[in-house]
Amino acid sequence: MTVTGPPASDAATDAAAEPGGPGRPATVRLGRVLRAVPVPLALVAMIGLAGVVLGRVYADGLLTALVLGAAVGSVLVSVAARRLPSWLVAPISVLAMAGWTAWSLRFTATRAELPGGFGEVVADAARNGIPRLLTAMIPVEPTPDTVLVPLVAAWLAGLAGAEVAVRAGRVLLGYLPPLLLYAGALYVVGPNADPAIRPTLVLVAAAVLGLAVSARPGTAGGDPAAGLAPALRTAVRARLAAASAAGVAVVVALAALLGPLVAARVEDRPVDPRRYVEPPQVETLDENPLIRISGWALNPEQQLLDVRTARPAGPAAAAPPSGDPAGAGPEEPAGEAPLRIRLAVLSDYDGVTWRVGATYRNAGRILPAAAPPPDSTVETVRQEITVADLTGRLLPAVATPREVTGARVAYDPATGTLIRPEGLSPGLRYTVTSERARPDVNLLATANVPAGDQVARVLRVADGVPDPLRRLATQLAEENGAPYARALAVEQFLAEHYRLVADAPSGHAYPNLSFFLFGPRNGGGQRGTSEQFAAAFAVLGRLTGLPTRVVVGFESTGDGPVRAADAYAWPEVLFEGLGWVPFDPLPRPDQEPRPVEEDFRPQPEDPPPSEAPEPTLEPTAEPEPAAAPGPPVDSGGVPTPVLVGGGAGGLLLLVGGLLLTLLLMRRALTRARLGRGDPGQRIAGAWREVTDALRLAGHPVGGDLAATEVAARARRTLAAARARLPGTVDADGPPTPGPDPAGPADAVAELADLLNQVAFAPGTATGEQAHRAAAAAADYVDALRAARPWWRRLLWSVHPGPLRRRSQTR
C-alpha cells in the first residue's frame, strides 16, 4: 500500500473546496503548508546523509558540503517550479545542475592546483570519473574527477524524488531515489570506514517524520465506519481488524525469518568494489628499470631531469656520525651533499628479474602521511623537477613524498613511489614536498630485522641459487652474527673485491650475478655497473636472512641538471624500529679491488680419501748398454719416406675427423636450439642462431642492444655482404637478378618481435610462432652464408665459435 500526501500544487484548490472556502481561518491554511514542508526537508536530509556516508573516505568535508548543496538545489528547483508543467521541470533542473556542477568542478580544480584549462579538466573528469573514484587512494582528495559522479547522482536523486513525492504526492515512492543513492554510497565506501550506524538511524527518522507529518487526516472521529448502519459498521470493522492482524503477522514472520540472516551478516566485512577495477599500471619499461642502468651509463651526458631544491638548514641537516657506512642510516649528509631521488623500488625477484610489483592508486595533491620511525630525524625537502629526456610513467621524488602539485599522480604507500598515469613528457614540471626520515645510526648495531608473513615478500629467495653464491652468503653470515654486521659485511665484501665500470652488459639473473662475483677477472668477471652491485647485495642479504630490496634513482646535488651518469641503483635493508636503511656497496674511486680468492675459498672438489687412487710402484728399467763404435747397422726399420707419408696421411685423417666432428656438433647444436624445449626456448634458440651468424660474419652484437636494434644491424650486414659479393653487378648493365635481401631481413625483424614477446610475456608463445622463428633464422643464416666468399663458406659450418659461446653461457 502506497502512502500518499496532498500534492503541494493543489493546496489552494483544496482550501477553496472545503467548508468555509477561501475564508477559512489562517491557522488551517498554515497547518496545510506545514504538512507540505517536511517531505522536501526529508528528501534533502536523506540525500545529504548519503553525502555524509560517502564523505567518510574523503580527505575533508568538502564533498559532503557539495552533495548537500546539490540536494538543496535539486529539491528547491522542483518545489519552486511545481506550478509549471511537469515536462518543463526536468530541463530547468538539468540546467541548474550544470551550473552547480561547473562551479563545484572549478572550485575543486583551483583548490587542488590542477594543471590545464577548465575545459580539459572537465573533459578528463567526465571521461575518468568512475574509474578514478574506485581506484583513488583513501582518503580521497576532492578533485573534479572524484566529485563529479557523486554530485550528478545526488542532483538526479533529488530531482526524481521531489517530482514523485512533492508533485505526485506519492511520498513513499519518492523516497526510493534517495535510498538508492544512500545504498550506493555505502557500497562505494565498502570496508574502508566504520559502519554507518548513526547516519542510517537519522535517515530512517527523517523518512518516518516526513511520512507521518504529510499523511492526509482521516474522516471525522478517525473511524472509517462512522455513519454506516450498525450491521454494516460491524462487518467493516471486523474486516479492518482481520486485515491489520494479517499485516502484523506477515511483518512478524518476515522479521523472524530475515532477522537472524541480517544479524549474522552484521559483522561480515563488506565487499570492496575497488577490487573489481584495475588500478593504474606501469609500462613494461618501468616494471624493471634496473636494466636501464647500463644504457644510461653508456650515454652519461644525456639530461634526464632539471631539479631545484629547497630544504631548511639546522639540526636536521647535520652530517651523520662518523663510522656510519656510506649510504647507511641517513642517506647522506644534508646541506650541499648529494640527494638521492628515487625512481622505483623493486621488491620482487624470481631469479631472473627484479620487478616493481607495486599497487598504485590515484592520489590527490596531499598524499597519505605515515608515521616516521621512532628516534628518527625528519627533514622536509621541497623540489621543483622538470622532465627532460626521462621516459616512462615513474615519477622521480625524494623519499617520502607528502605533497605533489603540477601533475596528476598515482601513489603506492608501501614503497613511497609515484607514477604519472598519462606518462612523462618533456617539459613536464611538478613540485614535490618530501619528508626524509633519517634514523638514529647509533641503534643500527643492536637492531633486529622483522620476520613473518608481512616481510615474506622481501625475504623470498627464488629457486636455482648457484652453489658458489650460497657458499659465499654462508661464509659472510657465519663470521657476522648481528643483522647489521651481516649487512655491513656484504657491503664491504662487494666494495673491496669488485670494480665499477660503465660498459658492463646489463643483467642480474643468477647466471649474471654468478659471473659477476666469481668469473675470471681477465675474462670480464668481477666488474659491473651499480645494477650488479645492488642486485648482488640484495640476493646475498636475503640468503643471510636480511629483508632486502633494490632502489633505482638518481644522485643530485640539489640544483641543476640530472644526467644519465647520475643514475644508479642501491640496496636497502629493513630493520625493526628503523625502517628501510640504504647501503652503498660501490667501491671507492681510488681503491684497487682485491682478488676474490683472498677472502672467499670455494670448497675443494678433490675426491674423498677413500676414493683416491693408491700409488703404484713401477720397477726401474735397466739402462741400455752404449752402442759400440763402428759403421751403422741396418736395423730393418721402416724407410723414412714411408714414415713421412704415413705421418702426413695420419695428420690429414686427424684434421678431417676434427672437421667432421665440428660439423656434426654444429648441426646438433642447431637442431637442439630450434627443435627442443617449449616454444619460448625454441624462439630464443633461433635468435642465438642469428647472433652467431652475425659473429661469424664479423659483425658481433653487444649485450646492450635491444632486439630491434640487432634486427636492424642484421639487415645492414646482409645488404653490405651482398653488395661486396663479386659477380652480382654487371659492368655494362643493371645488377644481376637474385634473391631479395629484404625477405630474410624482414624475417629477422619478426623474430625480434617474437623474442620481445617471450621476454616480456613469458608463456604466451605458441608452437606455430616457434616454427616461424626457426624458419626465419634458417633463411637468414643461409642468405648471409651465401653472401660470403667461397673459402669463408667452407669454414662457416665448422667454425667452433658457437660451440665455445654455448659452453660459456651454461
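**Exercise 1. Locate E113 and describe its backbone and its exposure.**

E113 lies in the loop between helix 5 (86-112) and helix 6. The model is a predicted one, and the steps below apply to it.

Step 1. Read the backbone angle. E113 has a positive phi of about 60°, although it is not a glycine.

Step 2. Classify the exposure. The relative accessible area of E113 is 46%. Buried means under 20% and exposed over 50%, so a value in between is called partly exposed. E113 is therefore partly exposed.

Step 3. Look for a contact partner. E113 is among the residues touched by T405, when residues up to four places away in sequence are not counted.

**Exercise 2. Place T405 and state which residues it touches.**

Step 1. T405 is found in strand 8, residues 401-405.

Step 2. T405 has a relative accessible area of 12% and is buried.

Step 3. Leaving out residues up to four places away in sequence, the residues touched by T405 are E113, R365, Y430 and T431.

**Exercise 3. Compare Q526 with the treatment of E113 above.**

Step 1. Q526 lies in the loop between helix 16 (510-518) and strand 13 (527-528).

Step 2. Q526 is not a glycine, yet its phi is positive, at about 60°.

Step 3. Is Q526 buried or exposed? Its relative accessibility is 5%, so Q526 counts as buried. E113, at 46%, is partly exposed.

**Exercise 4. Describe two cis peptide bonds and the loops that hold them.**

Step 1. The bond that joins I138 and P139 is cis, with omega about 0°. P139 is placed in the loop between helix 6 (118-135) and helix 7 (144-167).

Step 2. Another cis bond runs from A399 to T400, with omega near -5°. T400 lies in the loop between strand 7 and strand 8.

**Exercise 5. Work out the sheet that contains strand 7.**

Step 1. Set out the order. Four strands form an open sheet, ordered 5-9-10-7, and the pairing is antiparallel.

Step 2. Find the edges. Strand 5 (361-363) and strand 7 (394-395) each have a single partner strand, so one side of each is left without a neighbour in the sheet.

Step 3. Check one pair. Strand 7 is joined to strand 10 (residues 417-419) by two bridges in the antiparallel sense. Within this pair, L394 has I419 in strand 10 as its bridge partner.

**Exercise 6. Work out the sheet that contains strand 2 and strand 17, and find the helix that packs on it.**

Step 1. Set out the order. This open sheet has four strands in the order 2-14-16-17, paired antiparallel. Which strands stand at its edges? They are strand 2 (339-346) and strand 17 (579-582); each has a single partner strand, so one side of each has no neighbour in the sheet. From one strand to the next, the twist averages 40°.

Step 2. Follow the pairing from one edge. Strand 2 and strand 14 pair in the antiparallel sense over seven bridges. L339 stands opposite S556 in strand 14.

Step 3. Follow the pairing from the other edge. Strand 16 (residues 567-575) and strand 17 run antiparallel and are joined by four bridges. V573 has V581 in strand 17 as its bridge partner.

Step 4. Add the helix. Helix 17 (residues 530-543) packs on the sheet and touches strand 14 (548-556) and strand 16. The direction of helix 17 makes about 15° with that of strand 16.

Step 5. Test whether an edge position leaves strand 2 open to solvent. Eight of the eight residues of strand 2 are buried, so strand 2 is largely enclosed by the rest of the structure. Strand 2 is at an edge of the sheet, but its residues are buried.

**Exercise 7. Identify a nonpolar surface patch and place one of its residues.**

Step 1. V250, L254, L257, L258, L261 and V262 make a nonpolar surface patch of about 600 Å².

Step 2. L258, one of these residues, is found in helix 11, residues 230-264.

Step 3. L258 has 47% relative accessibility and so counts as partly exposed.

**Exercise 8. Summarise the whole chain.**

Step 1. The protein has 24 helices and 17 strands.

Step 2. It has 810 residues, of which 42% count as buried.

Step 3. The exposed area is about 41,800 Å², and carbon and sulfur atoms supply 61% of it.

Step 4. Among contacts with a separation of 6 or more, 78% are between residues 24 or more positions apart.

Key:
Residues are numbered from 1 along each chain as its sequence is written. This is a predicted model: local features need pLDDT of at least 70, side-chain atom pairs count only at pLDDT 80 or more; totals for chains, interfaces and linings use all residues. Side-chain values use heavy atoms; hydrogens and water are left out. Patches are made of residues with over 30% relative accessible area and no salt bridge: like charges are joined within 9 Å, nonpolar side chains (Val, Leu, Ile, Met, Phe, Trp, Tyr) within 5 Å. Accessible areas come from the Shrake-Rupley method with a 1.4 Å probe; for residues, only the protein chains shown count as cover. A salt bridge is a side-chain nitrogen of Lys or Arg within 4 Å of a carboxyl oxygen of Asp or Glu. Buried means under 20% relative accessible area, exposed over 50%, partly exposed in between (1.4 Å probe, protein chains only). Two strands pair if DSSP finds at least two bridges between them. Axes are lines fitted to C-alpha atoms, for helices over the stretch in contact, and angles run from 0 to 180 degrees between N-to-C directions. Contact means heavy atoms within 4.5 Å.
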